[in-house]
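Please open the structure in your viewer and keep the selection tool at hand. At each stop you will be told what to select, and then what is to be found there.

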Amino acid sequence: MGMLKKYYIWWLLLSGIVGFALGVAIKTAWEESKFIIGEWEEDPIVVICPDSEVSNYRVSKAVEWWGIRGYDIKYVHRDKSGKICNNGRWSDGIIFIRAKGELLPGTYAVTSRLTILNKMVSAEIILPNEHKYTPRLLEHEMGHAFGMRHVESIGHIMHPILEQGGEKFWIPD
């Protein structure tokens, strides 16, 4: 019995690690099989952070592009003081647009999402100021913020290679 007690904590720790790894693998496999990996319970708010130079007009055009396709935003807010943006990376019901953040080499922008049980909680778009007016880029990143993943079809707004993407949008089979 003493031997079992001695190794109990190690077995518990190992079980937790294995369980976590298995859960991540299952979640990743499930997400790879879906186009939309999460949906907002309510229309989100877009918050433009102080470091972003993207114009209200540019954001409104991207919001309009998605609105035509049935994906709506409650409203857009420019956080001039940084009060909202400085509260952290994730805030319930908010899509942040920031200029500064980590990008992989060769990428124009990146969107991170927080989902819980297939519900979108928050999203963060990192759109460097040098790419703020790149055609279709903000629309593409907003697609990720709406819970969509990449589509390997030429001309689709969610194509992973900007130059092969386009204005087309459909929900793949």
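Begin by selecting strand S2 (residues 45–48) together with strand S4 (residues 94–98), which in this predicted model pair in the parallel sense over four bridges. Within this pairing, pick out Ile-48 and look across to S4, where Ile-97 stands opposite.

Keep S2 on display and add strand S3 (residues 75–78), because this strand, too, pairs with S2 in the parallel sense, over four bridges. If you click on Val-47 and look for its bridge partner in S3, you will arrive at His-77. Now add helix H2 to the selection, and you have a right-handed β-α-β unit made of S2, H2 and S3.

Next, show the side chains of S2: which of them point one way, and which the other? Ile-45 and Val-47 point one way from the strand, whereas Val-46 and Ile-48 point the other way, and all of these residues are buried. This fits a general pattern, in which the side chains of a regular strand alternate between the two faces of the sheet.

Turn now to the aromatic rings, of which the structure holds seven pairs. A pair of this kind is described by the distance of the ring centres and the angle of the planes.

Select Phe-35 and Phe-169, a tilted pair with 6.3 Å from centre to centre and 45° between the planes. Phe-35 lies in the loop between helix H1 (2–32) and strand S1 (39–40), while Phe-169 belongs to the segment after helix H3 (137–145), so this pair ties together parts that are 134 residues apart in sequence. Is Phe-35 buried or exposed? Its relative accessibility is 8%, and because buried means under 20%, Phe-35 counts as buried.

Go on to Trp-66 and Phe-146, whose ring centres are 5.8 Å apart and whose planes meet at 55°, so that this pair is tilted. Since Trp-66 lies in helix H2 (residues 56–68) and Phe-146 in the segment after H3, the pair ties together parts that are 80 residues apart in sequence. Both Trp-66 and Phe-146 are buried.

To see how these rings belong together, select Phe-35, Trp-65, Trp-66, Tyr-71, Phe-146 and Phe-169, which form one aromatic cluster. Stay with Trp-65 and add Arg-69, whose charged end sits over the ring of Trp-65, 3.5 Å from its centre.

For the last stop, select Phe-96 and Arg-98, where Arg-98 lies over the face of Phe-96 at 4.6 Å from the ring centre.

Note on methods:
Residues are numbered from 1 along each chain as its sequence is written. This is a predicted model: local features need pLDDT of at least 70, side-chain atom pairs count only at pLDDT 80 or more; totals for chains, interfaces and linings use all residues. Side-chain values use heavy atoms; hydrogens and water are left out. Rings of Phe, Tyr and Trp (its six-membered ring) pair if their centres lie within 6.5 Å; planes under 30 degrees apart count as stacked, over 60 as edge-to-face and the rest as tilted. Helices (H or I, at least four residues) and strands (E, at least two) are DSSP runs, numbered from the N terminus. Buried means under 20% relative accessible area, exposed over 50%, partly exposed in between (1.4 Å probe, protein chains only). A charge sits over a ring if NZ of Lys or CZ of Arg is within 6 Å of the ring centre and within 35 degrees of the ring normal. Two strands pair if DSSP finds at least two bridges between them. A crossover is right-handed if, with the strands pointing away from the viewer, the path from the first strand over the helix to the second runs clockwise.
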